[in-house]
Amino acid sequence: LKGKRVYIVGGGKSGLAALGWSLKRGACLCLNDSRAKERFEPGLLAGLTEAGVTLALGQEPDPLGFNAELIVMSPGVPLDKPGLLAAAKQGIPFTNEIELGYLSARGPILAITGSNGKTTVTSLLGDILKEEYPGVFVGGNIGRPFAEAAEGLSENQPAVLELSSFQLETIGVFRPKVAV
């Protein structure tokens with residue numbers, strides 16, 4: 001991603017995790033959120049502009065205005081916003097924080113999705129695996145974003161991820177070892 005123009009849509013936990021992951025890899029970044037800067041927790045965005053991140057807060061997504069080469073979507077942000085539709089029409093690829101984590105993961109990934117019971121099954125599976133793998137990561141749609149932890153996990157540390165339908169909308173290369 002070094003030097004690539006990456007447009008992150010959504011300034012919640014997932015978007016900020018994607019921003020941190022991308023910043024470490026030298027991407028040229030823009031963080032977009034419909035909330036104005038004043039609506040963020042004080043200090044949460046501190047240092048981002050100094051790190052070279054463009055902030056597009058309090059406005060609708062406009063990846064073409066940033067000349068984006070990649071768009072990272074946060075879960076729950078509708079893909080049918082005019083700026084996102086225009087970017088898709090131009091062929092700009094979309095991804096998400098889960099997929100970024102996947103790109104740096106070394107251990108097996110177990111993914112849980114569905115209408116009901118995702119959190120229960122994910123937590124239960126994580127507890128079972130902790131008996132054999134004390135460093136198992138449990139997160140995704142619950143707890144800590146995967147992109148924050150993936151790089152620090154060894155080949156012997158599985159990741160159990162709860163995935164919402166929104167997180168699956170922009171998946172391209174993500175392939176868990178086990179999917180439920």
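**View 1. C30 and its opposite number across the β2-β3 pair.** C30 stands opposite T54, a residue of β3. Keep in mind that this is a predicted model. The strands β2 and β3 run parallel, and 4 bridges join them.

**View 2. The whole sheet, strand by strand.** Here we have an open sheet of 5 strands, paired in parallel and ordered β3-β2-β1-β4-β5. Which strands stand at the edges? They are β3 (54-57) and β5 (94-96); each has a single partner strand, so one side of each is left without a neighbour in the sheet. On average, and ignoring direction, neighbouring strands are turned by 25° against each other. Helix α3, residues 97-104, packs on this sheet and touches β4 and β5. The direction of α3 makes about 75° with that of β5.

**View 3. N32, a buried asparagine with its side chain at two backbone oxygens.** N32 belongs to strand β2, which covers residues 28-33. With a relative accessible area of just 2%, N32 is buried, because the cut-off for that label is under 20%. What does the side chain of N32 reach at 3.1 Å? One answer is the backbone oxygen of Q59. The backbone oxygen of A56 also lies 3.1 Å from a polar atom of the N32 side chain. Setting aside neighbours within four places in sequence, the contacts of N32 include Y7, I8, V9, G10 and G11, along with A56, Q59, E60 and P61.

**View 4. The largest nonpolar core.** This core has 18 residues. Those with the most contacts inside it are V6, I8, L19, L29, L31 and V72. At least two core residues come from each of β1 (5-9), α1 (13-24), β2 and β4 (70-73). Which element gives the most? That's α1, with 4 residues. As background, nonpolar side chains tend to be buried together in soluble globular proteins.

**View 5. Zooming in on V72.** Not counting residues up to four places away in sequence, V72 touches V6, Y7, I8 and V9, plus A18. The rest of its contact list is T95, N96, E97 and L100.

**View 6. N67, with a positive phi.** Where does N67 sit? Its place is in the loop between β3 and β4. Most residues other than glycine have a negative phi. N67 has a positive one, about 55°, although it is not a glycine. Is N67 buried or exposed? N67 counts as exposed, because its relative accessibility is 54% and the cut-off is over 50%.

Key. Residues are numbered from 1 along each chain as its sequence is written. This is a predicted model: local features need pLDDT of at least 70, side-chain atom pairs count only at pLDDT 80 or more; totals for chains, interfaces and linings use all residues. Side-chain values use heavy atoms; hydrogens and water are left out. Buried means under 20% relative accessible area, exposed over 50%, partly exposed in between (1.4 Å probe, protein chains only). A polar contact is a pair of N or O atoms within 3.5 Å; within protein, one must be able to donate a hydrogen and the other to accept it, and residues adjacent in sequence count only if both atoms are side-chain atoms. Contact means heavy atoms within 4.5 Å. A nonpolar core is a set of buried Ala, Val, Leu, Ile, Met, Phe, Trp, Tyr and Cys residues joined through side-chain atoms within 4.5 Å. Two strands pair if DSSP finds at least two bridges between them. Axes are lines fitted to C-alpha atoms, for helices over the stretch in contact, and angles run from 0 to 180 degrees between N-to-C directions.
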